[in-house]
Amino acid sequence: MKNTDSGKKYILFGIQVSLIGGILVLDDNIDFNGYEYSIVILGLILSIVGMSKNKYSS
């Protein structure tokens with residue numbers, strides 16, 4: 001992502017990453033040795049970055 005992207009793009013991308021990570025956490029047949037939770041946390045961090053970027057751009 002570029003520096004010129006809006007905060008809404010970061011928020012939406014973070015939500016998508018969180019949803020994918022959540023699906024991986026709930027699926028019993030997939031085992032990434034705990035990396036599923038890291039994916040969810042990464043999505044939450046991206047959403048927070050997007051919210052802060054959205055707040056400061058206004």
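Ser18 makes contacts with Val40, Gly43 and Leu44, leaving aside residues up to four places away in sequence. In this predicted model, Ser18 belongs to helix α1 and counts as buried, with a relative accessibility of 17%. The cut-off for that class is under 20% relative accessible area, so Ser18 at 17% falls within it.

**Overall composition**

The secondary structure of the protein consists of two helices and zero strands. Helix α1 covers residues 7-26, and helix α2 covers residues 35-57. Of the 58 residues of the protein, 22% count as buried. The accessible surface comes to about 4,500 Å², and carbon and sulfur atoms supply 65% of that area. Among contacts with a separation of 6 or more, 58% are accounted for by residues 24 or more positions apart.

**Helix α1 and its two sides**

Helix α1 has 20 residues and reaches 29 Å from its first C-alpha to its last, close to the 28 Å expected at 1.5 Å a residue. Its buried residues are Gly7, Tyr10, Gly14, Val17, Ser18, Gly21 and Leu24. They cover an arc of only 120 degrees around the axis, and therefore lie on the same side of α1. The face turned away from this buried side carries the exposed residues Lys8, Leu12, Leu19, Ile20, Ile23 and Leu26.

Leu19 illustrates the exposed face: this residue of α1 has a relative accessible area of 55% and is exposed. Because the exposed class begins over 50%, Leu19 at 55% belongs to it. Leu19 also takes part in a nonpolar surface patch with Leu12 and Ile15, and the three residues together have about 300 Å² of accessible area. Ile23, likewise in helix α1, is exposed at 59% relative accessibility.

**Pairs of residues between α1 and α2**

The following C-alpha distances concern residues that are separated along the chain.

| Pair | Separation in sequence | C-alpha to C-alpha distance |
|---|---|---|
| Ile11 and Leu44 | 33 residues | 8.7 Å |
| Gly7 and Val49 | 42 residues | 7.6 Å |
| Ile23 and Val40 | 17 residues | 9.5 Å |

Leu44 and Val49 can be placed further within the second helix. Leu44 is found in α2 and counts as partly exposed, with 47% relative accessibility. Leu44 is also one of the residues that Ser18 touches. Val49 is found in α2 as well, and its relative accessibility of 37% makes it partly exposed. Its partner in the table, Gly7, is one of the buried residues of α1, whereas Ile23, paired there with Val40, is on the face of α1 turned away from the buried side. Val40 in turn is among the residues in contact with Ser18.

**The loop between the helices**

Asn33 lies in the loop between α1 and α2. Its phi is positive, about 60 degrees, although Asn33 is not a glycine. At 65% relative accessibility, Asn33 counts as exposed.

**Summary of the arrangement**

The model describes a protein of two helices and zero strands. Ser18, on the buried side of α1, touches Val40, Gly43 and Leu44. On the surface, Leu12, Ile15 and Leu19 form a nonpolar patch, and Asn33 occupies the loop between the helices.

Technical notes
Residues are numbered from 1 along each chain as its sequence is written. This is a predicted model: local features need pLDDT of at least 70, side-chain atom pairs count only at pLDDT 80 or more; totals for chains, interfaces and linings use all residues. Side-chain values use heavy atoms; hydrogens and water are left out. Patches are made of residues with over 30% relative accessible area and no salt bridge: like charges are joined within 9 Å, nonpolar side chains (Val, Leu, Ile, Met, Phe, Trp, Tyr) within 5 Å. Accessible areas come from the Shrake-Rupley method with a 1.4 Å probe; for residues, only the protein chains shown count as cover. A salt bridge is a side-chain nitrogen of Lys or Arg within 4 Å of a carboxyl oxygen of Asp or Glu. Helices (H or I, at least four residues) and strands (E, at least two) are DSSP runs, numbered from the N terminus. Buried means under 20% relative accessible area, exposed over 50%, partly exposed in between (1.4 Å probe, protein chains only). The expected span of a helix is 1.5 Å times one less than its number of residues. The arc is that of the directions from the helix axis to the C-beta atoms. Contact means heavy atoms within 4.5 Å.
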